[in-house]
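The exercises below are meant for a reader who meets this structure for the first time. Each task is followed by a solution in steps.

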Amino acid sequence: MVHSDALDAVFAALSDPTRRSVLEALGEGGLSVTELAEPHGMSLTGFMKHLRVLESAGLISRTKAGRVVRCELSAGPMQEAAVWLSRYEKFWTGRLDALARFLYHQEDTEWRNLPPAPPPTSSPIAPRSRSAGTSASAPPKSGARGPTRKR
């Protein structure tokens, strides 16, 4: 079983669109912090907080060569999260398949029990009611005109 704290850290890191974007960029290969921060339009200090979250979750690793800090993707924790999710995927797939079978059966049963449809009319005007009753007129929207000011 996957350790709960590690799994919580992975899902917390994946909850932010900026961090997901960083992981997507790193999926194509290692990049420097400057290259990663450039498309996000935020301060380097703010961006570094995102990198710390990703690093503490174990999703990235940082290496420093001189003054350049490079980041690499670490797929291990994400793979553990995928294993955890796959158990629930099997559960929900089974449930959704059962729901689909139920709805198909319901639809099949309803079609058999429907009365035959009336023949279509060629008139574009809606048919009038066959009822002999009448409806009361709608009340007026406002009362009588009030007094006017003399000038």
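A residue is called buried when its relative accessible area is under 20%, exposed when that area is over 50%, and partly exposed in between. The model is predicted. By this definition, buried residues account for 16% of the 151 residues in the chain.

**Exercise 1.** Determine how many helices and strands the chain has, and in which order they occur.

*Solution.* Step 1: the secondary structure consists of 5 helices and 3 strands. Step 2: read from the N terminus, the order of the elements is α-α-β-α-α-β-β-α. Step 3: of the contacts between residues at least 6 apart in sequence, 51% connect residues at least 24 apart.

**Exercise 2.** Describe the setting of Asp 16 and decide what its side chain pairs with.

*Solution.* Step 1: Asp 16 is located in the loop that separates helix 1 (4-14) from helix 2 (17-26). Step 2: Asp 16 is buried, and the nearest side chain of opposite charge, that of Arg 19, is 4.5 Å away. Step 3: a salt bridge requires a side-chain nitrogen of Lys or Arg within 4 Å of a carboxyl oxygen of Asp or Glu, so this cut-off must be applied. Asp 16 has no salt bridge. Step 4: a polar atom of the Asp 16 side chain does lie 2.9 Å from the backbone nitrogen of Thr 18.

**Exercise 3.** Identify the residues that form a salt bridge, and classify each as buried, partly exposed or exposed.

*Solution.* Step 1: side chains of opposite charge can pair when their charged atoms come close. Step 2: the count of salt bridges is 1. Glu 55 forms a salt bridge with Arg 62, and their closest N and O atoms are 2.7 Å apart. Step 3: Glu 55 has a relative accessible area of 32% and is therefore partly exposed. Arg 62, at 24%, is likewise partly exposed.

**Exercise 4.** Locate Thr 63 and list what it touches beyond four places in sequence.

*Solution.* Step 1: Thr 63 belongs to strand 2 (residues 60-65). Step 2: its relative accessible area is 46%, so Thr 63 is partly exposed. Step 3: leaving aside residues up to four places away, Thr 63 touches Val 68, Val 69 and Arg 70. Step 4: the C-alpha atoms of Thr 63 and Ser 32, 31 residues apart along the chain, are 9.4 Å from each other.

**Exercise 5.** State which residues make up the nonpolar surface patch.

*Solution.* Step 1: the patch comprises Tyr 88, Phe 91, Trp 92, Leu 96, Leu 99, Phe 102 and Leu 103, with about 730 Å² of accessible area together. Step 2: Tyr 88 lies in helix 5 (residues 76-113), and its relative accessible area of 37% makes Tyr 88 partly exposed.

Notes
Residues numbered from 1 in each chain as written. Predicted model: local features only at pLDDT ≥ 70, side-chain atom pairs only at ≥ 80, totals over all residues. Heavy atoms only, no water. Helix = DSSP H or I, 4+ residues; strand = E, 2+ residues; numbered from the N terminus. Buried < 20%, exposed > 50% of the residue type's maximum accessible area, 1.4 Å probe, protein only. Lys, Arg positive; Asp, Glu negative; His and termini not counted. Polar contact = N/O pair within 3.5 Å; in protein donor to acceptor, adjacent residues only side chain to side chain. Patch = residues over 30% accessible without salt bridge, like charges linked within 9 Å, V, L, I, M, F, W, Y side chains within 5 Å. Areas by Shrake-Rupley, 256 points an atom, 1.4 Å probe, with all protein chains shown as cover. Contact = heavy atoms within 4.5 Å.
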